[in-house]
Amino acid sequence: MVAEDFLKENQDIIQKLRRVPALESFNEDNLAELLRMSKIRRYRAGELIFKEGSFAKMVYYLLSGQARIVKNDRDIAVLHRTGDIFGEMGAIVGSSRSASVFAGETTICIEID
């Protein structure tokens, strides 16, 4: 039963990843491998995903929910579409996070290092 739930959840996530424009050219095996190398993160409403000024190499793809972008204690954007990406600038440039990100509601992301 647990294994079936795990497989079903992975299939659901793979179907969501198919809708991410940056991953359109990936076949199912590629998506499964990406999923295997990544972490699925679930956040409660209001929970901090990462903090402005922190250093990290992780990039996030939104699978469901909302990611609220906050800079200098001001809301600057809310991401809500499957496949929205955030955290990429710190990973690409190697700089600190330019904003904090909070879950606006129950939110599921794929975290890629």
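In this predicted model, D75 counts as partly exposed, at 49% relative accessibility. The side chain of D75 meets that of R68 in a salt bridge, with 2.7 Å from N to O. This salt bridge belongs to a total of eight. The model also holds an open sheet of four strands, and its largest pocket has a volume of about 210 Å³.

**Salt bridges**

- R68, the partner of D75, is partly exposed as well, with a relative accessible area of 26%.
- D75 falls short of the exposed class because its 49% is not over the 50% that the class requires.
- R68 does not count as buried, because its 26% is not under the 20% cut-off.
- A salt bridge also joins E47 and R44, whose closest N and O atoms are 3.8 Å apart.
- In that pair, R44 is exposed, with a relative accessible area of 60%, whereas E47 is partly exposed at 25%.
- K57 pairs with D113 in another salt bridge, where the closest N and O atoms lie 4.0 Å apart.
- K57 and D113 link distant parts of the chain, being 56 residues apart.
- K57 sits in the loop between strand 2 (48–50) and strand 3, while D113 sits in the segment after strand 8 (107–112).
- K57 is exposed at 57% relative accessibility, and D113 is exposed with a relative accessible area of 66%.

**The four-stranded open sheet**

- The strand order in this sheet is 1-8-3-6, and the pairing is antiparallel.
- Strand 1 (39–43) and strand 6 (85–86) are the edge strands; each has a single partner strand, so one side of each has no neighbour in the sheet.
- Strand 3 (residues 59–64) and strand 6 run antiparallel and are joined by two bridges.
- Y61 has I85 in strand 6 as its bridge partner.
- In general, the strands of a sheet pair through backbone hydrogen bonds, in either a parallel or an antiparallel sense.

**Pairings of strand 7**

- Strand 7 (residues 100–103) pairs with strand 2 in the antiparallel sense, over two bridges.
- The bridge partner of F50 in strand 7 is V101.
- Strand 7 also runs antiparallel to strand 4, to which four bridges join it.
- R68 has F102 in strand 7 as its bridge partner, and the side chain of R68 forms the salt bridge with D75.

**The largest pocket**

- The volume of the largest pocket is about 210 Å³, and 16 residues line it.
- Of these lining residues, F50, G87, M89, S98 and A99 are the closest to the centre of the pocket.
- F50 thus appears in two places: among those central lining residues and as the bridge partner of V101 in strand 7.
- Strand 4 (67–71), strand 6 and helix 3 (88–93) are the elements that give two or more residues to the lining.
- Helix 3 gives the most to the lining, with three residues.
- By class, the lining has eight nonpolar, five polar and three charged residues.
- Strand 6 therefore has two roles here: it stands at an edge of the open sheet, and it gives two or more residues to the pocket lining.

Methods. Residues are numbered from 1 along each chain as its sequence is written. This is a predicted model: local features need pLDDT of at least 70, side-chain atom pairs count only at pLDDT 80 or more; totals for chains, interfaces and linings use all residues. Side-chain values use heavy atoms; hydrogens and water are left out. Two strands pair if DSSP finds at least two bridges between them. Buried means under 20% relative accessible area, exposed over 50%, partly exposed in between (1.4 Å probe, protein chains only). On a 1 Å grid over the protein atoms alone, a cavity is a set of points where a 1.4 Å probe fits but cannot get out, and a pocket is an open set with protein on both sides within 12 Å along at least five of seven lines; lining residues have an atom within 4 Å of a point. Grid points are joined across faces, edges and corners, and a volume is the space filled by probe spheres set on the points. Ala, Val, Leu, Ile, Met, Phe, Trp, Tyr, Cys and Pro count as nonpolar, Asp, Glu, Lys and Arg as charged, and the others, Gly among them, as polar.
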